[in-house]
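Colleague: Got a minute to go through this one with me? I'd like to start with the surface and then move inside.

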Amino acid sequence: MSTSPTSTYTASPSSNRLLWLVAIGFFMETLDATIVNTALPSMAKSLNTSPFMMQAVVIAYALTIAVLIPASGWIADRFGTRKVFFSAILIFTLGSLCCAVSQTLTQLVASRVLQGMGGAMMMPVGRLAVLRAFPAHQFLRAISFVTIPALIGPLIGPTLGGYLVEYASWHWIFLINLPVGIIGCIATYIDMPDIRGVETTKFDITGFILLSLSMVMISLALDGMSELGFPQATVLILVIFGLASLSAYWLHARRAHRPLFSLSLFQSSTYTIGLLGNLFARIGSSSMPFLIPLFLQISLHYSPFEAGMTMIPVALAGIYAKKLATPLITRWGYRNTLVYNTLMLGIMMASFAVITENQPQWLRIIQLLIFGTVNSLQFTAMNTLTLKDLQPRLASSGNSLFSMVQMLAMSFGVAAAGALLSTFAAHYPGTADGGFALGAFRAAFICMGLITCSSAWIFWQLPAEMVGRPKDTEKVMVE
């Protein structure tokens, strides 16, 4: 097998085109993760199902990415960045087409799985290509450039989704990917360097299967309590199987020569606390892009476009809040910043329970701005904490596990929100278009806020004296 060591590839005029190519891939993936949220009620009506059953559309995408991320680096080393990135865009585009022509919820969920298979390889392999194509002194500029579209995607996603649903149809939120995907495939063939790993190690297939089973079983159990209507015994069995698979992976990783994720990662207390904190704090945060547009359209009777526009203050505040993270962490330290910001985040999530139809618009905007600010601060502080002390030899593995946990938390968050809505709906008699929805949403917001607040105990385990300025390489992370 021919290999292409990274030292032999130097930046050239085509390198700028490579950055645009990877940036487009990042934009497609982050846009698709948010554009679908405002369209869920319209999708439900078109597919003759309840809006409260639509969380599987979001879960299928996020969970597929989480499951396949661990394999993306090995696949790129084995087959080369050009072939893998081309395949990723092609699969993502085909998945988008299948989503647009879906006639049932089952077909749509299966199509989202196909989309997720492409998305799982798109962002990690694109980042890997930039890492290997640019020398160290140019990497910061390069990765900063390609992550800008990843910030723009969530900014315009809900609004664009609402506009397309209201003035065209929900099918167009997927159809717009087709021309971009075709251009991306052509550009990949021309501009993407075919770089492979200098040494391709044996893939830990046993560890991959055990970890994947664990994620799928636990997520299926959460989703089974709401959309799938599983009996309690079935949910319990799925949870036990999921935890057993996770325990089996832990034992496997202790004796495997090169496990999927080395247990040496957890020798770093900051990485361990940061990873666990990310998982549990993100369960609440990840439910909000699902809950808020649904709540606004079902309970407050917003149009899809109005619901999408409402999410703009959250995204704008999130971008601005990036500037606040470094001085706050430097002044107050990681523990104080994360503990108090986590509590504040949970309180702001619960505050959506007091929204009424007669609430002044300016007050609602202030509420969204504050939520967007603390949510962004939370992500930035958690991200830098998690990766800042990783040893260089564990950086790649640690970053892959971290990315997997992010997507897993998104899947769990939406599944948990759907389960709570279904549970509370049973206690508020009425129809999905009437009064019970408001009470169910209020209870769900409070519960997700409490879940987020409880994760502050994890960050409390950090040393009290822990302060420090995030490194430059940490400040360019996608969140």
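**Surface patch, helix packing and a loop residue**

Modeller: Sure. Met344 sits in helix α13, which spans residues 312–351. Keep in mind that this is a predicted model.

Colleague: Is Met344 buried, exposed or partly exposed?

Modeller: Partly exposed, because its relative accessible area is 33%, and that class lies between the 20% and 50% cut-offs.

Colleague: OK, and which nonpolar patch on the surface is Met344 in?

Modeller: Met344 forms one together with Trp362, Leu363, Ile366 and Ile370. Their accessible area adds up to about 450 Å².

Colleague: Which helix gives the most to that patch?

Modeller: Helix α14, residues 361–387, with four residues.

Colleague: Switching to helix packing. What's the angle between α3 and α5?

Modeller: About 35°, and the axes are 7 Å apart. For reference, α3 covers residues 55–79 and α5 covers 105–133.

Colleague: Left-handed or right-handed crossing?

Modeller: α3 passes α5 in a right-handed one.

Colleague: And how many nonpolar, polar and charged residues are in that contact?

Modeller: The α3 contact with α5 has 19 nonpolar residues, along with five polar and three charged ones.

Colleague: New topic: where is Ser455?

Modeller: In the loop between α16 (435–454) and α17 (456–459).

Colleague: Why does Ser455 count as buried?

Modeller: Because its relative accessibility is 2%, and buried means under 20%.

Colleague: How far is Ser455 from Gly346?

Modeller: Their C-alpha atoms are separated by 9.4 Å, although the two residues are 109 apart along the chain. Gly346 falls within the residue range of α13, 312–351.

Key. Residues numbered from 1 in each chain as written. Predicted model: local features only at pLDDT ≥ 70, side-chain atom pairs only at ≥ 80, totals over all residues. Heavy atoms only, no water. Patch = residues over 30% accessible without salt bridge, like charges linked within 9 Å, V, L, I, M, F, W, Y side chains within 5 Å. Areas by Shrake-Rupley, 256 points an atom, 1.4 Å probe, with all protein chains shown as cover. Salt bridge = Lys/Arg side-chain N within 4 Å of Asp/Glu carboxyl O. Helix = DSSP H or I, 4+ residues; strand = E, 2+ residues; numbered from the N terminus. Buried < 20%, exposed > 50% of the residue type's maximum accessible area, 1.4 Å probe, protein only. Axes fitted to C-alpha atoms, helices over the stretch in contact; angles between N-to-C directions. Left-handed = near helix turned anticlockwise from the far one by under 90°. Nonpolar A, V, L, I, M, F, W, Y, C, P; charged D, E, K, R; others polar.
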